[in-house]
Amino acid sequence: MTQRLLVRATGRVEPGQLATVSRMLDDSGVRLLDIDQRVTLGQTVFEVLVDGDEDASTLTQRLQAAWPAVEKETGLELSLLEIDQQAQQRWQSLNQAPVLVMTLMATHFSVDLLAQVDQLISRWNLGIERIQRLSGPSSLVEAAPAEGVCFEYHLRGEAVDTGGLRQALLTLATGQGVDIALQEENLWRHQRRLICFDMDSTLIKAEVIDELARRHGVFDAVAAITERAMRGEIDFQQSFRQRMSMLNGLSESVLEEVAEGLALMDGLERLMTNLKRLGYRTAILSGGFTYFARYLQKRLGFDEVHANELVIDEGVVTGEVQLPIVDAERKAVLLKEIAERHGIAPEQTVAVGDGANDLKMLAGAGLGIAFHAKPLVREKARISVSTLGLDAILYLLGHDDRTLQQG
């Protein structure tokens, strides 16, 4: 077997350094296997994996003899690491294991948090291949801007129980008041094309049916049913019919009043601006009402909306239900239908919601995100966001603030 060496050169970054190092390696008669370069605050690290037919001692001596001239020209310092046969075999085996992408998001970070994350990763025998900051340049220890602070880890390990790891990360995230998402790196991660959203308590900071009930004087009764439905304690269709019957006699004029007063979820406007600019198709799939979904569509540019129609007769809400009701099953069907209609693969779809009524939609999407969700939904969803705004979804899609701002 040929001998491999890792050549590492560090120092202040200057133009032409890679060319000088490359010429030295070529003159030394080694073969180039891999190369990596990183720059942080003007300091660069070159790492070049090479091999040769001689033993490690001979290769090392030859490279060390050639280095002083390179150091004088580039200002870089050299270190050499011998890669023995056992290390080569382990590296080759590990390189066949899938890469896991872990996204760590919070309003601020601490050294203790990073230590706890690393300890958990170590317990699962995972190696960190790369850590990249996706958020802007705010301080890690002070409260960040609305976008928060986000790091993306690339992890690799053999025979990883991703379900168990995801649960361990959720437990740590809940205890620390942060968000930690886990995805497998694959062909689809940077190729999402369709994003479908629940509306109430996801796109807006309210359950519209509760707001209508408040103005009709039946808030307590309706809100109690809404809460039970969101927790998954009662069937959505059953709860929807019960709540609608309580709105009988509500004036149509109240609808516009409620729509004008809707508070958008934090980060929604920034998210939609970027999703439209990046070419994503967006849809609202809501167990709420089309009147309010269309209001959001007009304001923010959603491509399509699917929700429940209020039955209104002579300017008054009748309390009747118009079929089909957009429930959990209907949301999952709509997600699939929209994707098929636009030639989008299931793996390219994203669904975002907060309640039990969204679980089937989240499970059917290529990427399901529980947003500020009830405990049951957080437990069952593959990914959850609880500390940042909706624009944190951009990080989960692999976008970083620097690139978004340049666009």
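Me: Two strands pair if DSSP finds at least two bridges between them. With that settled, which residue stands opposite isoleucine 369 in β16?

Reply: First, the ground rules: this is a predicted model, where local features need pLDDT of at least 70, side-chain atom pairs count only at pLDDT 80 or more, and totals for chains, interfaces and linings use all residues. Residues are numbered from 1 along each chain as its sequence is written, and side-chain values use heavy atoms, leaving out hydrogens and water. Helices (H or I, at least four residues) and strands (E, at least two) are DSSP runs, numbered from the N terminus. Strand β15 (residues 367-371) runs parallel to β16, with 3 bridges joining the two, and the residue opposite isoleucine 369 is isoleucine 383.

Me: What order do the strands take in the open sheet of 6 strands?

Reply: The pairing in this sheet is parallel. Its edges are β11 (304-308) and β16 (383-385), each pairing on one side only. From one strand to the next, the twist averages 20°; angles here run from 0 to 180 degrees between N-to-C directions, with axes being lines fitted to C-alpha atoms, for helices over the stretch in contact. Read across, the order is β11-β10-β9-β14-β15-β16.

Me: At about what angle to β10 does helix α12 run?

Reply: Contact means heavy atoms within 4.5 Å. Helix α12 covers residues 328-341 and lies across β9 (194-197), β10 (281-289), β11 and β14 (349-353). Relative to β10, α12 runs at about 155°.

Me: Now the antiparallel sheet. Which strands are the edge strands of the order β6-β7-β5-β8?

Reply: This one is an open sheet of 4 strands, with antiparallel pairing throughout that order. An edge strand pairs on one side only, and that picks out β6 (127-133) and β8 (179-184).

Me: And inside that sheet, which residue is the bridge partner of threonine 103 in β7?

Reply: Strand β5 (residues 99-106) and strand β7 (residues 149-156) run antiparallel and share 8 bridges. In β7, threonine 103 has as its partner glutamate 152.

Me: Helix α5 packs on the sheet too, so to speak; which strands does α5 touch?

Reply: Helix α5 takes up residues 162-176. Its direction makes about 165° with that of β8. The strands it touches are β5 and β8.

Me: Which way round are α7 and α8: roughly parallel or roughly antiparallel to each other?

Reply: The cut-offs are: under 35 degrees counts as roughly parallel, over 145 as roughly antiparallel, 65 to 115 as roughly perpendicular, and the rest as oblique. The axes of helix α7 (residues 219-230) and helix α8 (residues 236-245) come within 10 Å and cross at roughly 170°. So, by those cut-offs, α7 and α8 are roughly antiparallel.

Me: Which residues of α7 and α8 make the contact?

Reply: Both helices contribute side by side in the list, so let's take them in turn. From α7 come Val222, Ile225, Thr226 and Ala229. From α8 come Ser239, Gln242 and Arg243.

Me: How far apart are the axes of α9 and α11?

Reply: Helix α9 (residues 253-260) and helix α11 (residues 290-300) pack at an angle of about 40°. The pair is therefore oblique. In the contact, α9 supplies Leu255, Glu256, Val258, Ala259 and Glu260, while α11 supplies Tyr291, Phe292 and Tyr295. The distance between the axes is 10 Å.

Me: What separates the centres of domain 2 and domain 3?

Reply: The protein is divided into domain 1 (3-90), domain 2 (97-184) and domain 3 (194-218 + 248-405); these bounds come from an automatic or database domain assignment. Between the last two, 22 residues of domain 2 are in contact with 19 residues of domain 3. Taken over C-alpha atoms, the centres are separated by 27 Å.

Me: Which residue of the hairpin of β12 and β13 takes a positive phi?

Reply: Strand β12 (residues 310-313) and strand β13 (residues 316-321) run antiparallel, joined by 3 bridges. Isoleucine 312 stands opposite valine 317 there. The hairpin has 2 residues between the strands, and the one with phi near 55° is glutamate 314.

Me: Where does asparagine 125 lie?

Reply: Asparagine 125 is not a glycine, yet its phi is positive, at about 55°. Its place is the loop between α4 (111-123) and β6.

Me: Last one: about what omega does the cis peptide bond have?

Reply: The bond joins leucine 323 and proline 324. Proline 324 sits in the loop between β13 and α12. Omega is about -5°.
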